[in-house]
Amino acid sequence: MSLINENIITFSKGDPNNQPILFVHGFPFDHTMWKNQINELSSQYFCVSYDIRGLGESPVGDGQYTMEMFVDDLFSVIEHMKLNKPVLCGLSMGGYIAQRAVERNEKLFKALILCDTKSEPDNNDAKLKRAGGIKSINESGVKSFVHAFIPNCFEEESIIKLGDVYKEILERSSNFSATGIKGCLLAMISRTDTTEFLSEIKIPVLVVCGEKDKLAPPHIMEPIAETIIDSEFHIIPGAGHMTPLENPEAVNKVLKYFLSRVFK
Ligand code: MLT
């Protein structure tokens with residue numbers, strides 16, 4: 001574990017001489033959402049993850065975040081960890097950050113993995129929902145916000161199957177800082193539209209989507225894959241939005257297949 005630029009805590013597993021993979025988590029979670037993938041891949045790849053500012057163990061600061069700052073942080077992680085052309089893997093909010101990072105500097109990356117994410121920015125409804133989220137945190141606190149938000153991220157059967165693991169996730173996120181969570185909501189509102197850029201991406205891209213994802217469903221994700229020149233699209237059976245936690249075996253299988261193609 002190490003602290004960089006006073007804002008970000010990074011974590012790594014595996015041999016730094018192996019090919020690097022950089023994992024970016026979703027909202028309102030932290031780097032631990034990638035544990036099943038990192039445990040599986042770290043014997044072959046150098047796996048790096050971090051907590052986005054304001055979430056997990058990363059410092060909160062003033063909560064005045066933008067998507068551009070999140071991308072700056074990601075570039076700082078690459079520099080600090082001396083990652084040479086990592087494969088960038090982001091889920092949902094992590095996918096927003098990843099797409100914008102590739103748009104800003106594609107040469108930094110070997111390949112891109114987009115899980116359960118979107119290229120379009122928030123529409124009016126989404127902006128109003130974020131505003132409602134901030135209001136609810138101010139009035140009722142983080143725990144009540146997280147307990148309303150997170151169940152939507154998982155398929156009902158996964159919640160039952162995950163049992164205590166799901167309860168731990170809820171507990172962990174309930175303890176995040178209100179300022180940090182609200183800062184992330186504002187940063188997501190501030191993101192740009194990366195849809196037009198998708199057709200310009202030249203690196204290989206893997207697009208992964210939970211069969212029952214309510215937040216970034218297959219009918220939104222499949223066109224993302226279709227627009228990208230060198231892409232693969234995989235639907236993860238039985239999973240909602242949190243595919244890496246809900247069906248880790250299926251996600252690990254497509255990740256391994258894609259990585260072996262990228263590094264052949
Ligand atoms: C996430 O999983 O990162 C969030 O659902 C993204 C969002 O709220 O747009």
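1. Let's start with the salt bridges: the structure holds 14 of them. Keep in mind that this is a predicted model. I'll walk through three of the pairs, then the network, one helix, the charged patches and a last residue.

2. The R100–E68 pair is a good place to begin. Their side chains meet in a salt bridge, with N to O at 2.7 Å. R100 sits in helix α3 while E68 sits in helix α2 (residues 67-80), so this contact ties together parts that are 32 residues apart in sequence. As for cover, R100 has 18% relative accessibility and therefore counts as buried, since the limit for buried is under 20%. E68, at 28%, counts as partly exposed.

3. E68 has another partner, R104. Here the closest N and O atoms of the salt bridge are 3.0 Å apart. R104 lies in helix α3 and E68 in helix α2, so this pair ties together parts that are 36 residues apart in sequence. R104 is partly exposed, its relative accessible area being 32%.

4. Now for a pair elsewhere in the chain: K212 and E155 form a salt bridge through their side chains, at 3.9 Å from N to O. Both ends are in loops. K212 is in the one between β7 (205-210) and α10 (218-227), and E155 is in the one between α5 and α6 (156-162), so the bridge ties together parts that are 57 residues apart in sequence. K212 is partly exposed, with a relative accessible area of 36%, whereas E155 counts as buried at 15% relative accessibility.

5. Back to E68 for the wider picture. Salt bridges with shared partners join E68, D72, R100, E103 and R104 into one network. The R100–E68 bridge and the R104–E68 bridge have E68 in common.

6. Helix α5 (residues 142-149) is worth a look for how its residues are placed. V142, F145 and V146 are buried there. They are on the same side of α5, because they cover an arc of only 95 degrees around the axis. Turn to the face pointing away from that buried side and you find the exposed residues K143 and A148.

7. Two charged patches are on the surface. The positive one gathers K85, K107, K110 and K202. Of these, K110 is in the loop between α3 (93-104) and β6 (111-115), and it counts as partly exposed because its relative accessibility is 33%. That figure is over the 30% a residue needs to be part of a patch.

8. The negative patch is made up of E120, D193, E196 and E200. E200 is found in the loop between α9 (195-198) and β7. With 46% relative accessibility, E200 counts as partly exposed. Residues in these patches have no salt bridge, so don't look for E200 or K110 among the paired charges above.

9. Finally, L245. This residue is in helix α11 (residues 243-246), and it is buried, with a relative accessible area of 6%. If you want a distance to check in your viewer, try L245 to S174: C-alpha to C-alpha they are 18 Å apart in space, with their positions 71 residues apart in sequence.

Key:
Residues are numbered from 1 along each chain as its sequence is written. This is a predicted model: local features need pLDDT of at least 70, side-chain atom pairs count only at pLDDT 80 or more; totals for chains, interfaces and linings use all residues. Side-chain values use heavy atoms; hydrogens and water are left out. Patches are made of residues with over 30% relative accessible area and no salt bridge: like charges are joined within 9 Å, nonpolar side chains (Val, Leu, Ile, Met, Phe, Trp, Tyr) within 5 Å. Accessible areas come from the Shrake-Rupley method with a 1.4 Å probe; for residues, only the protein chains shown count as cover. A salt bridge is a side-chain nitrogen of Lys or Arg within 4 Å of a carboxyl oxygen of Asp or Glu. Lys and Arg count as positive and Asp and Glu as negative; His and the chain ends are not counted. The place of a charge is taken as NZ of Lys, CZ of Arg, CG of Asp or CD of Glu. Helices (H or I, at least four residues) and strands (E, at least two) are DSSP runs, numbered from the N terminus. Buried means under 20% relative accessible area, exposed over 50%, partly exposed in between (1.4 Å probe, protein chains only). The arc is that of the directions from the helix axis to the C-beta atoms.
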